[in-house]
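Me: I'm new to this one, so could you pick a single part and take me through it closely? I'd like to hear what surrounds it and what holds on to it, in plain words.

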Amino acid sequence: MLKLYGGARSRASIVHWYLEELEIPYEFVKLDMQAGEHLQPEYLKINAFARVPAIVDGDFQLWESGAILLYLAEKYEKVPVSLEERAVIYQWVLFANSTLSTAIVVETNRDRQLSRLLSTLNEIFSKQPFLLGNEFTVADVAVGSILNYIPMILKLDFSPYPAVSNYMKQLADRPAFQRTIGART
């Protein structure tokens, strides 16, 4: 059975959400980061960088939330067949983990980038319910989780971005989200 390793208030919740969406069996191994369980030799064999999340799927081990999301999407055939369509999904997952995350977390980036990113996302969501059109995908898990972290860490006025607000609410209302990220709020 696949094992997901994570800690409280970590990006493991993103992978946790996607596993719930996929409705596949898995075990969540919650590491006590305060006690240093992620620094123990048995976990360092899974991720030498001592970071979470990580998964163990049989003999296969993988860390980094975006890589795990893409692996799960590929494994459970939740990605398109064409290289170009898959590349668009990869683009959104990488966007979430790099561009969007740093625009939120790094204060100097926030002032320069966040408004533009949210404005562009608002345009997209004013035309379609999900990033790739009418279908929920792993790209929405990646981007939507980061967007839904914003109210947890920032006091941001979303009134200029009503379509983004609607998207965030639509994702937050999903049962799998409620069982994972939503349970933290």
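Reply: Let's start at the surface and work inwards. A patch here is built from residues that have over 30% relative accessible area and no salt bridge, with nonpolar side chains such as Val and Ile joined when they are within 5 Å. Keep in mind that what you're looking at is a predicted model. Val105, Val106 and Ile153 together make a nonpolar surface patch of about 270 Å². Valine 106 sits in the loop between helix 4 (83–105) and helix 5 (107–127). Its relative accessibility is 35%, and since partly exposed covers the range between 20% and 50%, that is the label valine 106 gets.

Now for the part I'd pick: helix 1, residues 12–22. Here 11 of the 11 residues are buried, so the helix is largely enclosed by the rest of the structure. If you want to click through them, the buried residues run Ala12, Ser13, Ile14, Val15, His16, Trp17, Tyr18, Leu19, Glu20, Glu21 and Leu22. An α-helix has 3.6 residues a turn, so residues three or four places apart point the same way. What do the buried residues of helix 1 pack against? Two of the partners are strands, strand 1 (2–7) and strand 2 (26–31). The others are helix 3 (65–75), helix 6 (138–153), helix 7 (162–172) and helix 8 (175–179). Just after helix 1 comes glutamate 23, and its phi is positive, near 55°.

The two strand partners also have a story of their own. Strand 1, helix 1 and strand 2 form a right-handed β-α-β unit. The two strands pair in the parallel sense, over six bridges. One place to see this is tyrosine 5, whose bridge partner in strand 2 is valine 29. From valine 29 you can hop over to isoleucine 55: the two are 26 residues apart in sequence, with their C-alpha atoms 9.5 Å apart in space. Isoleucine 55 belongs to strand 3 (residues 54–57). With a relative accessible area of 0%, isoleucine 55 is buried. Leaving out residues up to four places away in sequence, isoleucine 55 touches Leu2, Lys3, Leu4, Ile46, Phe60, Gln61, Leu62, Ile68 and Tyr71.

Further along the chain from strand 2, you'll find histidine 38 in the loop that leads to helix 2 (41–44). Histidine 38 has a relative accessible area of 12%, and because anything under 20% is called buried, that word fits here too. Apart from residues up to four places away in sequence, histidine 38 is in touch with Leu31, Met33, Tyr43, Leu44 and Ala50.

Back to helix 1 and what holds on to it. Glutamate 21 makes a salt bridge with arginine 174, and the closest N and O atoms are 2.8 Å apart. Glutamate 21 is in helix 1 and arginine 174 is in the loop between helix 7 and helix 8, so this pair ties together parts that are 153 residues apart in sequence. Arginine 174 is partly exposed, at 23% relative accessible area. Helix 7 leans in as well: its buried residues are Ala163, Val164, Tyr167, Met168, Leu171 and Ala172, and these pack against helix 1, helix 5, helix 6 and helix 8.

Helix 3 is another of the neighbours. Its buried residues are Ser65, Gly66, Ile68, Leu69, Leu70, Leu72 and Ala73. They pack against strand 1, helix 1, strand 3, strand 4 (60–63), helix 4 and helix 6. Two salt bridges involve helix 3. In one, aspartate 57 pairs with lysine 75, with the closest N and O atoms 2.5 Å apart. That pair links distant parts of the chain, with aspartate 57 in strand 3 and lysine 75 in helix 3, 18 residues apart. Aspartate 57 is buried, at 14% relative accessibility, whereas lysine 75 is partly exposed, at 37%. In the other, arginine 86 and glutamate 74 meet at 3.6 Å, N to O. Arginine 86 is in helix 4 and glutamate 74 in helix 3, so the pair ties together parts 12 residues apart in sequence. Glutamate 74 comes out as partly exposed, at 35% relative accessibility. After helix 3 comes glutamate 77, with a positive phi near 55°.

Methods:
Residues are numbered from 1 along each chain as its sequence is written. This is a predicted model: local features need pLDDT of at least 70, side-chain atom pairs count only at pLDDT 80 or more; totals for chains, interfaces and linings use all residues. Side-chain values use heavy atoms; hydrogens and water are left out. Patches are made of residues with over 30% relative accessible area and no salt bridge: like charges are joined within 9 Å, nonpolar side chains (Val, Leu, Ile, Met, Phe, Trp, Tyr) within 5 Å. Accessible areas come from the Shrake-Rupley method with a 1.4 Å probe; for residues, only the protein chains shown count as cover. A salt bridge is a side-chain nitrogen of Lys or Arg within 4 Å of a carboxyl oxygen of Asp or Glu. Helices (H or I, at least four residues) and strands (E, at least two) are DSSP runs, numbered from the N terminus. Buried means under 20% relative accessible area, exposed over 50%, partly exposed in between (1.4 Å probe, protein chains only). Contact means heavy atoms within 4.5 Å. Two strands pair if DSSP finds at least two bridges between them. A crossover is right-handed if, with the strands pointing away from the viewer, the path from the first strand over the helix to the second runs clockwise.
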